[in-house]
Amino acid sequence: MIARCAIGSLLILSLGCANQRTDFASERPALPYSKAVLSGNTLYVAGHLGVDPATDSPPKAATDEARMMLDAFSATITRAGLAMDDLVQVQVFCSDNSLYDSFNDIYRQYFDRRLPARTFITSGTLLRGCRFEIAGTAIKP
Amino acid sequence: MIARCAIGSLLILSLGCANQRTDFASERPALPYSKAVLSGNTLYVAGHLGVDPATDSPPKAATDEARMMLDAFSATITRAGLAMDDLVQVQVFCSDNSLYDSFNDIYRQYFDRRLPARTFITSGTLLRGCRFEIAGTAIKP
Amino acid sequence: MIARCAIGSLLILSLGCANQRTDFASERPALPYSKAVLSGNTLYVAGHLGVDPATDSPPKAATDEARMMLDAFSATITRAGLAMDDLVQVQVFCSDNSLYDSFNDIYRQYFDRRLPARTFITSGTLLRGCRFEIAGTAIKP
């Protein structure tokens, strides 16, 4: 009985520890990356930009771009079965440091109870003329 | 007896694999990030700068800035119960590549027996006018 | 019998979950970093550049530089017993966004069945005058 219980627990543990991998394809199949990769309980989320699907460019206002980017990032995480609050680490690349405060105001609204470790780095102008890019790692609780 | 031993080992294993999470708050509660997040045995450390608390700016000398930054980074890791030697991965962002050699001389002094994989990337001038920023991942042995 | 099977599975599980660490030294022992660190099943790969060993500089053509960099990156991963297809996350730093399409064409050739989550970031000119730098995380299947 105890042994059977041990076997049962082992199966559950194996699932948790196993490096079973699920790739979430990009909606741009021409580009060579997965939007996110779930390995075991850890989700590696690719760099996301804030571009208007109609124009494939960022919107005029930096705050709109930040919201579009965080919506897309959050959608990828949700699609993989996790939530923004599961992020443990985030990297934000930004081509203009004067946007730091307004970015923070928007970013904060995407989290509920807790905040990931974050790195905020000054980059050059990003792909498609973007001012922001975000990537991160989330862990299934 | 053997089964009881199996159950015991299972408990230890569960602790090691569990994604139990501890967030280490930033000393700047106005800013939306944790200084570090410990998930299971893995510590995700946020980007750290080298700023003088009195002025909230980097010191004049780049070497002083590097030391201040590495002291702050090391303090966060120690506070979480880990050590610099537990780092497996580090990213250094630097706005001036000519500082590479002097940075390396200082950086090396923070490690004892072993060195993490490192990426050294040329950024723009960082937040608060900093020349350096460091982030990384450490694993409890 | 069942208990013995449980013990056997426990040993295998322990190996998988343990944070046993192996450091892969850089061929530049003067520089303070490991080329890669394997912790448990996870390989943290340092930033790699595409430099000609004869000149310690990048080749003239950006496409040659990209190939040299990806060859070096792939060699490190292979040396650690993993493959490019085991990468779950990759970061590419590039000082010139106009190289994006030609980089993608070359990058894609290094993967067989699946692609990691990727972040493509605009940096300044990288160490030794390089246009590209790549780092990443791979997980042993």
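Visitor: What makes the pattern of chain A α-β-β-β-α-β-α-β-β?

Guide: That's the order you meet along the sequence in this predicted model. Chain A has three helices and six strands. A helix here needs at least four residues and a strand at least two, so each letter in the pattern stands for a run that passed that test.

Visitor: How do you know that 48% of chain A is buried?

Guide: A residue counts as buried if 20 or more other C-beta atoms lie within 10 Å of its own. Of the 141 residues of chain A, 48% reach that mark, so they get the label.

Visitor: Which residues touch the most other members of the largest nonpolar core?

Guide: A:Val45, B:Val45 and C:Val45, in a core of 114 residues.

Visitor: What does B:Val45 touch?

Guide: Leaving aside residues up to four places away in sequence, the list includes B:Phe73, B:Ile77 and B:Ala135, along with A:Ala117 from chain A. They count as contacts because their C-beta atoms lie within 7 Å of the one in B:Val45.

Visitor: How are α2 and α3 of chain C packed?

Guide: Their axes are 10 Å apart, at an angle of about 35°. The crossing is right-handed. Among the residues that meet are C:Ala66 and C:Leu70 in α2(C), and C:Phe103 and C:Ile106 in α3(C).

Visitor: How do the residues of that contact divide into nonpolar, polar and charged?

Guide: Six are nonpolar, two polar and one charged. C:Arg67 is in the contact, and Arg counts as charged, so that's the charged one.

Technical notes. Residues numbered from 1 in each chain as written. Chains lettered and ligands numbered in written order. Predicted model: local features only at pLDDT ≥ 70, side-chain atom pairs only at ≥ 80, totals over all residues. Buried ≥ 20, exposed ≤ 12 C-beta atoms within 10 Å, placed from the backbone. Core = buried A, V, L, I, M, F, W, Y, C linked by C-beta atoms within 7 Å. Contact = placed C-beta atoms within 7 Å. Axes fitted to C-alpha atoms, helices over the stretch in contact; angles between N-to-C directions. Left-handed = near helix turned anticlockwise from the far one by under 90°.
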